[in-house]
Amino acid sequence: MIELRTDTAIQEPQRIRGLEMPWNRVMGSTEGPARAAHALGPWHPQEFTAECVETVPEAGGMMTFVFRRCDGAPLAFRAGQYVNVAFPVNGEDQDPVDRSYSLSSSPTQPWTFNITVKRDPTGLVSPWVHENVKPGTVLEMLGPVGAFHLPDADRRARYLLLAAGAGITPIMSMVRTIHSLPGQADVVVLYHGAEAGGYAFHQELAYIASVDSRVKVFYALGDRSKPEGWEWLSGRLTAAMLDEVAPDANGRQVYACGPEGYLNTATELLGKVGVDDTSINMEFFSGDRQTLLEYQAEIALAEDIAEEIAEEIADSAEDYYESQPTAFGLYEPSYNAEGPLKATGLPLEIMDTAPYSEASDGSSDVGPEAVSPDATSFNTVGTGSLTLSFMRTGINVRIDPDEHILGVAQRAGVRIGANCKEGMCGSCKVVKLSGDVEMNHQGGIRAREIDAGKFLPCCSTARTDLVIDA
């Protein structure tokens, strides 16, 4: 019988300095990297299909869905990024509804990847996801997207990670990533929840904190009354709470994700405890109140569309795409006339999302040439060198070529639902009946939607006069 001794002092591991992501040296290599290493570099977003292989119930009304790419490639991403998923919630003969969800898994295990979805009983998408996405379900995705992520290399690696509610999902990806990597790091996690039993991933977080001395986890209950036996923090986020969990916060990089009110408070308090703006990274999971009200009004007016407010969208710096490396190749699946080839393996239960109805000749029934409207009888407002004609609203709006279309349209009274206003969530998507735009999106629209005449007015400027189905 082996005797387990508990009186032996356990020494700290010896580690290299700082953290470095597995792909970092490939990106900086002057020599041609091996093809396998090539595939693991998070170079830029791709369109792909993915099969659900597992579902894992989480606390707090959340569910984790584990996916693998159908083409057999790894999903290369940075911890904190998200994917845009097309869900066929309205049936196979209707356009899918796009939603963006943060990846909660670690990119150091890229052959499967996780998204974690909180169920909103009043929503359209999240209840459908919880009830219908099962092992074998295949969905179309675009990603990875987003500038909210850990750096590829950090010699200091001292982080304060703040999460509220569903905002734990990208933070969990960061914690899992740091735990999986060698190197010195100092990580403090502060996780706000609504009820004592509602903290997703709490068992895994407790385990990581117990075996990895680099990670410390704290919980707070917000304004809720403390249940008997509660030993953690309570109350809303305050400067005193930040000082208690991280008295050296001004020497850390801060990553925070959650509702807008929480993040606005966090921004103010972090400034009070000395954290510089350049050290604060935010991921918003919902738009502001006015945006939500505008979107609700748009839904109420729609005759044949039932969409919920975008649940989880991400904030991104405008220079994200410019910062991505372009000197390296990218793993790409093989293609034939019908699309990407799938890897061989177990049979898949494929869900046909049928995003566009087609005419008998196979062509899309929505496109730039589908309608030749006459807008000469519409009232014209605004100033500018170009004209936007909104056919459903019945108004012409003048615009200059350097102005984003969404803002000008909304100021003129045109109802276009919008949330992130950064070209990510896809909620402002409309059909362009004629004319040309310049669009700089962040993953909120797919190539085939662009081919069908759709565009995102939030990140588009007019190059010619436009006729728009809105």
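This short presentation covers the sheets, the nonpolar cores and two cysteines of the structure shown above.

Good morning, colleagues. Please keep in mind throughout that this is a predicted model.

I begin with the antiparallel sheet. Six strands make up this open sheet, and their order is β5-β4-β7-β2-β3-β6. At its edges are β5, residues 97-102, and β6, residues 113-118, each of which pairs on one side only. From one strand to the next, the twist averages 40°. Within the sheet, β4 (residues 82-87) and β7 (residues 138-145) run antiparallel and are joined by four bridges. In that pairing, A86 faces E140 of β7. A helix also packs on this sheet: α3, residues 125-132, touches β3 (62-69), β4, β5 and β6. The direction of α3 makes about 125° with that of β6.

I turn now to the sheet with mixed pairing. It is likewise open and has six strands, in the order β16-β18-β17-β23-β19-β21. Here the edge positions belong to β16 (379-381) and β21 (454-455); each has a single partner strand, so one side of each is left without a neighbour in the sheet. The pairing of β16 with β18, residues 395-399, is parallel and extends over three bridges. N379 is placed opposite I395 of β18.

Next, the interior. As a general point, nonpolar side chains in soluble globular proteins tend to be buried together. In this model, the largest nonpolar core comprises 35 residues, and Y159, L161 and I171 have the most contacts inside it. Which elements give two or more residues to this core? They are β9 (158-164), α4 (168-180), β10 (186-192), α5 (202-211), β11 (215-220) and β12 (253-258). The largest share, six residues, is that of α4.

Let us look at I171 in particular. Setting aside neighbours within four places in sequence, I171 contacts F148, L161, L162, A163, V189, Y255 and C257. Apart from this core lies another, of 26 residues, which includes L386, V437, M439 and L456.

Finally, the cysteines. How many disulfides does the model contain? The count comes to zero, where a disulfide requires two cysteine sulfur atoms within 2.5 Å. Are C70 and C257 buried or exposed? C70 has a relative accessible area of 5% and C257 has 0%; the limit for burial is under 20%, so both count as buried. C257 is also among the residues in contact with I171, as mentioned a moment ago.

That concludes my presentation. Thank you for your attention.

Conventions
Residues numbered from 1 in each chain as written. Predicted model: local features only at pLDDT ≥ 70, side-chain atom pairs only at ≥ 80, totals over all residues. Heavy atoms only, no water. Pairing = 2+ DSSP bridges. Axes fitted to C-alpha atoms, helices over the stretch in contact; angles between N-to-C directions. Contact = heavy atoms within 4.5 Å. Core = buried A, V, L, I, M, F, W, Y, C linked by side-chain atoms within 4.5 Å. Buried < 20%, exposed > 50% of the residue type's maximum accessible area, 1.4 Å probe, protein only.
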